[in-house]
Amino acid sequence: MLLNEVAGAAGTFWVEVVNATAQALDASGWAVSSPSGGGYAFPPGTVIQPGGLAAVWQADLGIDPWIGDKVFLYPPDRAEVADGVEVAAQPRARAGGGDPRWLYPDTATPGQPNAVVLEDAVVINEVMYHHGPVPQADGSVQSSGEEWIELYNRGDAPVDLSGWQVVDATEFTVPAGTVLPPGGYVVLARGPVALAAAHPGIAVAGNLDGKLPNEGGRILLLDACGNPADSVRWHDGGRWPALADGGRSSLELKDPRADNSAPEAWAASDESAAAAWQQYSFTGVAAASAVGPDGRWHEFVTGLLDDGVVLLDDVSVVEDPGGAALERIQDGTFETGTAAGWRLLGNHRHSAVVADPDDPGNRVLRLVATGMTEHMHNHAETTLAGGAQIQDGKTYRISFRARWVAGSNQLNTRLYFNRLARTTLLPVPLPNGTPGRPNSAAVGNLGPTYAGFEHVPAVPAAQAPVPVSVVASDPDGVASVVVRYRADGGPWQSAPMADEAGGRFTGLLPGQAAGTVVQLYVEGTDGLGAATAFPAGGAASRALYQVDDGLAGDGVLHDLRIVMLGEDSDWLFAPANLMSNDYLGATVVLDEREVFHDVGVRLKGSERGRPMPKRVGFAVRFRRDQAFRGVFRSVMVDRSEGVNYGQREILIDQVMNRAGSVHSKYDDLVRVNSPRDEYTGAAMLQIARFEDIFLDAQFVDGSDGTLFEYELIYYPTTTDTGTPEGYKLPQPDLVVGTPIRDLGPDKEAYRYSFILKGSRWRDDYGRLMEFAAAFGKTGAEFDATVANFIDVDEWLRAFAFATVSGAVDNYASGAQHNAFLYVRPVDQRVLYFPHDLDFYQGNPNTALIASPDLAKLVASPSNMRKYYGHLNDITAAAYNPAYLAPWCAHLGALLPGQDFASHCAWMAGRSAWVTDGATNSVNKAVPKVAFEIGTNGGADLTVPEAALTLSGTGWVDVDTIRRSGESLPIDALWDGLTAWHADVALACGPNAIVLEAVDLHGRVVGTDAIVVTSTAAGCS
């Protein structure tokens, strides 16, 4: 028994009940009621036939509801609510035909079949939700506010859109009189005037109320009755076109007849047709790089600053262009048809020589980037011809032709290491998308779309058959579906899939031996012969499963199984590819149950970590439409603690969490089942790292800030062939670092020591450069300016955490790397986030002020006092044996192969060193004093003034001083490590002044009082 239709709040009220079963039901005692009053129970003997309807009218109900009131249906025993509905202004009815949704009927039909007619001719056909950066006249770029939704009438009759609404991600009501003809378009825009000017002749309405979310959202189109006419829920990547997320492309529906809830029904608009070749040339004198190993290699290097595609041709490096004019590039025209002499590395490895789209007889380099270029192994490079060497003081002319295709237009070029570096912004055509016009990605017949692809179980037993299923749909019907599969490295085979019910096709794959990796995809054909695959990449995709190999854990830790094809694993671990940041296709299985197909996997770590089996870790990038734990788009699998295997670093994470820190990360423990057995075992899962989700959670508009990784420059010294034209090997290597200082006015000098980690489209080094210039100063000049560029207290606390940890090889220990620098949006001050606190040597008694930059900061007595206050707070709150002992016991039980008892003993020793052991320990450098008012020896006094400077003492546990009963602190200044003074206003007569000393967490740690009587002029 269900509620099936209900009247609107206006007029005579009634409720309709339906027997939704296939047999007659005794309705005796079933009741309808409302919390607002009234009710009705069916009398004894009431029988409702299968599919039968029973309408109950207001005279019997006694219910006179308002809009928003609820009506409930109860079984005779009233033990539970069987059904319920909210009353609206107009009648509501279930859609029928197995669709349980409550909709709005064209006509109310109490006691008769519901008259709900859904409009399906109008579809959401194109969406511009995140346009991307727009070049400005001064050469900078700004984010674009352009956003719009295109509706298309795929039917044969005009549709009156008057009163139709767009809701959810944005809101808009279509104006009266808007009629969409067959095959017609209307565009709903945030800026309708600007859009109409950019695309003359199109039908535009607006303004949309609310910004379309860049990270994905839902657009729900409602007809004039309020019923859903169409709906699209999109994501900013994964199975959805990534170029529509800030890549200047729109989301285009390929086939307006297709199921537009399927990501594969959509494509990014093709913006390349309007782009044109441009010639670039610049001349300069080679000079030593600000940082870097100039003389090791002699090469031309190029790459994109983010994901993207450009075409390159006629690349030239001419030495002494005004004289000898010596060409130093080996193959800059690419007319051999191959990239002879070029090495296409890492996340630029998908680049290739292709035919020029404007001149098919000409060959060009299609430079493809799947990530940011950097200084090690992720770019395109070519050794200068004939053994030529780049010489400082000589003039070079660098020239090339280039054409933007998609994504990033930021083409970086340089001579090794970082000489004559330049980032060229290739012109991008405007406007973008195809609003009000046929889509650039349109096809006549897309073929089947898919949902619900799965194999059960996620990790099959050895030799057990594996059921595979998928829901396939197509407006022309699905003629057939097969599943293609192969055991790793074997030939492709096929198995038929049968339509079981409702478009769900199932097939059965034969069992395989334990540990076997199986690759699979489905292929469907519609009634007109169009074929598609899922995953869409077909044989190039990486939907995989691994037959149970017996290596899963015992359930104590989460299991993270990384499944890769042997060919991909071999490439990943080949010495010349170890430093690649290109993500290879894989499948991840969480806890042997939850399957993530077509994720990306690469190695993580430095040139010194990735080649060492005990330090190998993995970066995993999940699809945007299937995030890890529903939220996170990437995680890091960290197996190392410094130069050894282990997960000790999670202890300092717990210290930060407990003591309180804006840079505290969210990590977990897992048992990773890796593509190679030697890397299988416990690992730390780094989940919430210094990325957008973390920043938005910690700071106002956090992801709008700019984040940099402060790093050393590691560089290889050998190649796989032993010649300069070989592929460089990560080991052996050498390393160069730089202190934070002024490296000059060109941001290219900062690019590889301060690696831009977010908002790469802005490529904004401006504030970092100002900060670095100020931070490079010393003495009084440093003290006078540094607070304008950093949050001093945050830096001191960050230094304190890193110092207390006792870890070496990080910024706080004096190294010139392993730190993140974040430009906070609200005030443009730079924050310091400690990073990689996992390398511990044997001695817990290392310096408490090891960083030269920390030494400069604490040269100020007030900063020194704050720093000791943070050391004291951290050791008292968390970095002490009492707090750490339960954690060590817990982690020791989870990770029985690791000696957490020794870790705890080491940390206890370190805690004692920080608090009492070192000559400059907290208690030795700042002997404890009571919080006291010292003026007049603390005794009451009389003064002839209306104000008095109070002074006193307080230990480093005092953060602020306030008057009792007040929440805001007084303006107290510290004259040293323990002495303070503050100006206090006085009223005439006695002033009872009670001061409270408050610590970093708002707790009162001391009080003192004094009575000061004022006899100032004017006091009677």
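# A walk through the chain

Start with the whole chain in view: of its contacts with a separation of 6 or more, 67% are between residues 24 or more positions apart. What you have open is a predicted model.

**Stop 1: the whole chain.** Colour by secondary structure and you should find 13 helices and 67 strands. Along the principal axes, the C-alpha atoms fill a box of roughly 95 × 95 × 65 Å. Switch on the surface next. The chain exposes about 39,600 Å², with carbon and sulfur atoms supplying 52% of that area. Of the 1020 residues, 53% are buried. If you like to colour by charge, there are 73 positive and 123 negative charges to pick out, and their mean positions lie 6 Å apart.

**Stop 2: two crossing helices.** Select residues 649–659, which form helix α4, together with residues 861–877, which form helix α10. How close do the axes of α4 and α10 come, and at what angle do they cross? They come within 9 Å and cross at roughly 105°, so α4 is roughly perpendicular to α10. Show side chains at the crossing: α4 brings Val 655, Arg 658 and Ala 659 to the contact, and α10 brings Asp 873, Ile 874 and Ala 877.

**Stop 3: a covered helix.** Now move to residues 766–775, helix α6. This helix is mostly covered, with 7 of its 10 residues buried. Which residues of α6 are buried? Select Arg 767, Leu 768, Met 769, Phe 771, Ala 772, Ala 774 and Phe 775 to see them.

**Stop 4: the loop between β37 and β38.** Strand β37 covers 449–455 and β38 covers 466–473, and Ala 458 sits in the loop between them. Pro 457 is in this loop too, and the peptide bond that leads into Pro 457 from Val 456 is cis, with omega near 0°.

Is Ala 458 buried or exposed? Its relative accessible area is 7%, so Ala 458 is buried. Leaving out residues up to four places away in sequence, Ala 458 touches Tyr 545, Val 589, Glu 592, Arg 593 and Val 595. Try a distance to Gln 546 as well: Ala 458 and Gln 546 are 88 residues apart in sequence, but 8.3 Å apart in space from C-alpha to C-alpha.

Stay in the loop between β37 and β38 and pick Ala 461. With a relative accessible area of 43%, Ala 461 is partly exposed. Apart from neighbours within four places in sequence, Ala 461 is in contact with Val 547 and Asp 548. For a long view across the model, draw a line from Ala 461 to Val 792: these residues are 331 apart in sequence and 58 Å apart in space, C-alpha to C-alpha.

**Stop 5: backbone details.** Most residues other than glycine have a negative phi, and most peptide bonds are trans. Here are some exceptions to look up. Gly 206 and Asn 207 are joined by a cis peptide bond, with omega about 10°. Asn 207 lies in the loop between β21 (204–206) and β22 (216–222).

Next, select strand β28, residues 308–319, and find Asp 314 in it. Asp 314 has a positive phi, near 50°, and is partly exposed, with a relative accessible area of 32%. Finish at Leu 420 in strand β36, residues 419–425. Phi of Leu 420 is also positive, near 50°.

Technical notes
Residues numbered from 1 in each chain as written. Predicted model: local features only at pLDDT ≥ 70, side-chain atom pairs only at ≥ 80, totals over all residues. Heavy atoms only, no water. Helix = DSSP H or I, 4+ residues; strand = E, 2+ residues; numbered from the N terminus. Buried < 20%, exposed > 50% of the residue type's maximum accessible area, 1.4 Å probe, protein only. Contact = heavy atoms within 4.5 Å. Areas by Shrake-Rupley, 256 points an atom, 1.4 Å probe, with all protein chains shown as cover. Lys, Arg positive; Asp, Glu negative; His and termini not counted. Charge placed at Lys NZ, Arg CZ, Asp CG, Glu CD. Axes fitted to C-alpha atoms, helices over the stretch in contact; angles between N-to-C directions. Parallel < 35°, antiparallel > 145°, perpendicular 65-115°, else oblique.
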